[in-house]
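Open your viewer and show the chain as a cartoon. Keep the selection tool at hand, and follow the stops in order.

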Amino acid sequence: MPDSSIRWRELAFSEPDVMTDSVAYREKSHLLLPSKGEINSFLAIMSRDSIRFFIGSDGLNSLTRMEAFFHRVYSAVASEPVSDIKESIESMILTNSLRSHFIRDFYAPSFVRGLFDLQAATDLESVVYEVNLRTGGFHHGRYRFNFFIRIGTSDPEGLGEVKKLVFREMLNLRRQSRWKLRTDKYATSDDILRNPGNLINFIRIPSERDSF
């Protein structure tokens, strides 16, 4: 399981094909940011027969705000996980370049969709996609923040083929939006980013019918 200090909730949806309303997302996106000094997580575990979605936080109030976000934007119900979250044997970390600070609103839907296809494209037993958020300082009336992405697997086959596909999606994202991700071992500063609305490109329930 990821960080043991995190309280996890599993998301359940009333509709089989969940759509993202960009207006509602951006209006409520501030709810995704944790309180300073805490961490929020969005986790998807993709296996051959299902995709399970989780939200988590090491702060109770931060977790409550995340629950409110997914309820208001996706009509999701959050509850205690009914089974354990398997730990990844091998992971790669993606962090934001400092230049991402200058990019305003953008939407690059293929990035998340491509990463959610990793398990099917490689036929691994499972692939984990996790986004971890931290909040930094308060500047000009808003909190700045940052996140890193963890992509992992518990499959003994490892991430060899997955890495090639991830690098392709990173390059496509940069071409579409100029948003640059790097493969670092450690997350960068917590106060790089200032527009939580752009999280729609990284924390989203992907659908071919998203409304934008």
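In which loop is Lys 36 found? Select Lys 36: it sits between helix H1 (22-28) and strand E2 (39-47). Keep in mind that this is a predicted model.

**Stop 1: Lys 36**

Show the side chain of Lys 36. Is Lys 36 buried or exposed? Its relative accessible area is 60%, and the cut-off for exposed is over 50%. Therefore Lys 36 counts as exposed. Now add Thr 135, Gly 136 and Gly 137. Lys 36 is in contact with these three, leaving aside its neighbours within four places in sequence. Next, pick Trp 179, which is 143 residues from Lys 36 along the chain. The C-alpha atoms of the two are separated by 25 Å.

**Stop 2: strand E1**

Select residues 7-12, strand E1. Then select residues 51-57, strand E3. The two pair in the antiparallel sense, over 4 bridges. Look across from Glu 10 and you find Phe 54 in E3. Now add strand E4, residues 77-79. E4 also runs antiparallel to E1, and 3 bridges join them. Here Ala 12 stands opposite Val 77.

**Stop 3: helix H2**

Select residues 60-74, helix H2. What span should its 15 residues have, at 1.5 Å a residue? The expected span is 21 Å, and the end C-alpha atoms are 21 Å apart, so the two agree. Colour the buried residues of H2: Ser 62, Leu 63, Met 66, Phe 69, Phe 70, Val 73 and Tyr 74. Look down the axis of H2. These buried residues fall within an arc of 115°, so they line one face of the helix. They pack against E1, H1, E2 and E3. On the other side of H2, find Asn 61 and Arg 72, which are exposed. Just after H2 comes Ser 75, with a positive phi near 55°.

**Stop 4: the cores**

Nonpolar side chains tend to be buried together in soluble globular proteins. The largest nonpolar core here has 52 residues. Select Phe 70, Tyr 129, Phe 147, Ile 149, Ile 151 and Phe 202, which touch the most other members. Which element gives the most to this core? H2 does, with 6 residues. Zoom in on Phe 147. Among the residues that Phe 147 touches are Asn 96, Val 131, Trp 179, Leu 193 and Phe 202. Apart from the largest core lies another, of 8 residues. To see part of this other core, select Ile 6, Ile 39, Leu 43 and Val 128, which are among its members.

Methods: Residues are numbered from 1 along each chain as its sequence is written. This is a predicted model: local features need pLDDT of at least 70, side-chain atom pairs count only at pLDDT 80 or more; totals for chains, interfaces and linings use all residues. Side-chain values use heavy atoms; hydrogens and water are left out. Two strands pair if DSSP finds at least two bridges between them. Buried means under 20% relative accessible area, exposed over 50%, partly exposed in between (1.4 Å probe, protein chains only). Contact means heavy atoms within 4.5 Å. The expected span of a helix is 1.5 Å times one less than its number of residues. The arc is that of the directions from the helix axis to the C-beta atoms. A nonpolar core is a set of buried Ala, Val, Leu, Ile, Met, Phe, Trp, Tyr and Cys residues joined through side-chain atoms within 4.5 Å.
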